[in-house]
Amino acid sequence: MRRSGNRALARWALALLGCASIAASPLPHVRLIPLSRTTWDSVYTLNQAARGETTYTKVCSRCHRAALGGGDESPPLAGSTFLANWNDLSVFDLHDRIRTTMPPDTVGAITKEGITDVIAHILKANGFPAGAADLPTDSTLKEIAIKSARP
Ligand code: HEC
């Protein structure tokens, strides 16, 4: 009886230690579960990217520039710096970042669908392949990882 009690206690201690080490992790974006798809899996359509380009040109390009190279204070949205910033994060993270902070002077100006279309344009500009289905706007975006290099 006593022994099994001790064992149960030891298991608790181990479980607590496990939680503590996860909570204390120094990396802000640690993912414990691998995402099922990546931006290399043809996750948007060319039509969607074209819609996104129209919105981008109206709302984003005055700062991030037509070729997405950035300018002045505005960072690039295409190329190695952008991809290094977002590598291993999800498309949802990028969507959320845009939805809550961009454009800085009129946050909320674009619908969720509109932002998803702009992301299709950004993916195209970064050389990711297009496919047969639109990038969705629901929580499945959390399952698509941005990968700078083809896996
Ligand atoms: C008025 C200028 C301006 C406009 C318009 C604007 N942005 Fe930005 N954007 C910035 C600035 C400045 C930053 C960096 C500072 C910050 O994060 O607020 C930034 C940062 C970003 C980032 C983060 C980049 C990274 O690698 O960390 C993304 C993504 C982004 N913008 C997307 C967009 C999109 C999409 C639009 C159009 C819907 C847009 N922005 C419109 C100025 C702008």
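**Exercise 1. Trace the protein chain of this predicted model from its N terminus and write down the order of its elements.**

Solution. Start at the N terminus and note each helix or strand as you meet it: the elements run α-β-α-α-α-α-α-β. Now tally the letters, and you should arrive at six helices and two strands.

**Exercise 2. Describe the protein chain in terms of burial and of contacts across the sequence.**

Solution. Begin with burial: the protein chain has 151 residues, and 24% of them count as buried. Then turn to contacts between residues at least 6 apart in sequence; 77% of these join residues at least 24 apart.

**Exercise 3. Find out which residues come nearest to the ligand, and what kinds of residue make up the shell around the ligand.**

Solution. First, look at the 20 residues around the ligand: Cys60, Cys63, Asn85, Met102 and Pro103 come nearest. Next, ask which elements supply two or more residues to this shell; they are α3 (61-64), α4 (80-86) and α5 (91-101). Finally, sort the shell by residue type, which gives twelve nonpolar, four polar and four charged residues.

**Exercise 4. Decide whether lysine 112 is buried or exposed, and place lysine 112 among its surroundings.**

Solution. Locate lysine 112 in helix α6, which covers residues 112-125. Count its C-beta neighbours inside 10 Å: there are 12, so lysine 112 counts as exposed, the cut-off for exposed being 12 or fewer. Leaving out residues up to four places away in sequence, lysine 112 touches Arg99 and Thr137. For a last step, take aspartate 138: 26 residues separate it from lysine 112 in sequence, while their C-alpha atoms are 9.2 Å apart in space.

Note on methods
Residues numbered from 1 in each chain as written. Predicted model: local features only at pLDDT ≥ 70, side-chain atom pairs only at ≥ 80, totals over all residues. Helix = DSSP H or I, 4+ residues; strand = E, 2+ residues; numbered from the N terminus. Buried ≥ 20, exposed ≤ 12 C-beta atoms within 10 Å, placed from the backbone. Contact = placed C-beta atoms within 7 Å. Near = placed C-beta within 6 Å. Nonpolar A, V, L, I, M, F, W, Y, C, P; charged D, E, K, R; others polar.
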